[in-house]
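Subject: Structure for you to look at

Hello,

Here is the structure I promised to pass on. Please open it first, then read my notes below.

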Amino acid sequence: KEDGMEDQVLGLVVKKERPDLEEQNQKLIVNVAQGKKTLTDLENQILYLLSSAKGSLLDDASLVDTLQNSKVTAEEVGEQLRVSETTKVEIDKARESYRPCAIR
């Protein structure tokens, strides 16, 4: 509970002192969530197509196209998530310099 309040105060302090950093952090959180949702949606679509496929899976053009598109999309989203994680570490380092203000 105390850590949650401290993090909230930290967010307010950083927002006041470095609004660019806090904005970047908020965008990053949204982008990561959207990327994870995209991957989940792709998995669900593939599972649906696999479960509803009739006959040979290789003969189902819709399934094959979806699998190919999903592979490309998953690679793109995965790369975005890796970049986001690296950026998150950098943002967190910068935010931590304001932690003493948040503890008060």
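Start at Leu21. Setting aside residues within four places in sequence, Leu21 is in contact with Val14, Ile91, Ala94 and Arg95. Please keep in mind that this is a predicted model.

Go next to Ile91, one of those partners of Leu21. Ile91 sits in helix H3, which covers residues 61-96. Is Ile91 buried or exposed? Ile91 is buried, because its relative accessible area is 2%, and the cut-off for buried is under 20%. Beyond four places in sequence, Ile91 touches Leu21, Gln24, Asn25 and Leu28. Glu22 is worth finding too. In sequence, 69 residues separate Ile91 and Glu22. In space, their C-alpha atoms are 8.4 Å apart.

Leu21 and Ile91 also belong to the largest nonpolar core. Which residues make up this core? There are 8: Leu10, Val13, Val14, Leu21, Leu28, Ile91, Tyr98 and Ala102. Two helices, H1 (2-17) and H2 (19-52), each supply at least two of these residues. H1 gives the largest share, with 3 residues. As background, nonpolar side chains in soluble globular proteins tend to be buried together.

Now look at two other residues of helix H3. Ser84 lies in this helix, and so does Lys88.

- Ser84 has a relative accessibility of 10%, so it counts as buried. Away from its sequence neighbours within four places, Ser84 is in contact with Leu28 and Val32.
- Lys88 is partly exposed, because its relative accessible area is 26%. Asn25 and Leu28 are the residues that Lys88 touches, not counting those up to four places away in sequence. Lys88 and Asn25 are 63 residues apart along the chain, and 7.1 Å separates their C-alpha atoms.

Note how Leu28 keeps coming up. Leu28 is listed in the core. Leu28 is touched by Ile91. Lys88 touches Leu28 as well, and Ser84 is in contact with Leu28.

Gln45 makes a useful further stop. This residue is found in helix H2. Gln45 counts as partly exposed because its relative accessibility is 39%. How far apart in space are Gln45 and Leu81? Their C-alpha atoms are 21 Å apart, with the two positions 36 residues apart in sequence numbering.

Now the whole chain. The protein chain has 4 helices and 0 strands. Read along the sequence, the pattern is α-α-α-α. The C-alpha trace spans about 65 × 25 × 15 Å along its principal axes. What is the radius of gyration of the protein chain? The value is 20 Å, whereas a compact globule of 104 residues would have one near 13 Å.

Some totals to finish:

- Of the 104 residues, 27% count as buried.
- Take contacts between residues at least 6 apart in sequence: 73% of them join residues at least 24 apart.
- The accessible surface comes to about 7700 Å², and carbon and sulfur atoms account for 55% of that.
- The chain carries 15 positive and 20 negative side chains. The centres of these two sets lie 6 Å apart.

If you have time for one place, go back to Leu21 and Ile91, which are in contact with each other.

Best wishes

Definitions and conventions. Residues numbered from 1 in each chain as written. Predicted model: local features only at pLDDT ≥ 70, side-chain atom pairs only at ≥ 80, totals over all residues. Heavy atoms only, no water. Rg over C-alpha atoms; globule rule 2.2 N^0.38 Å. Buried < 20%, exposed > 50% of the residue type's maximum accessible area, 1.4 Å probe, protein only. Contact = heavy atoms within 4.5 Å. Areas by Shrake-Rupley, 256 points an atom, 1.4 Å probe, with all protein chains shown as cover. Lys, Arg positive; Asp, Glu negative; His and termini not counted. Charge placed at Lys NZ, Arg CZ, Asp CG, Glu CD. Core = buried A, V, L, I, M, F, W, Y, C linked by side-chain atoms within 4.5 Å.
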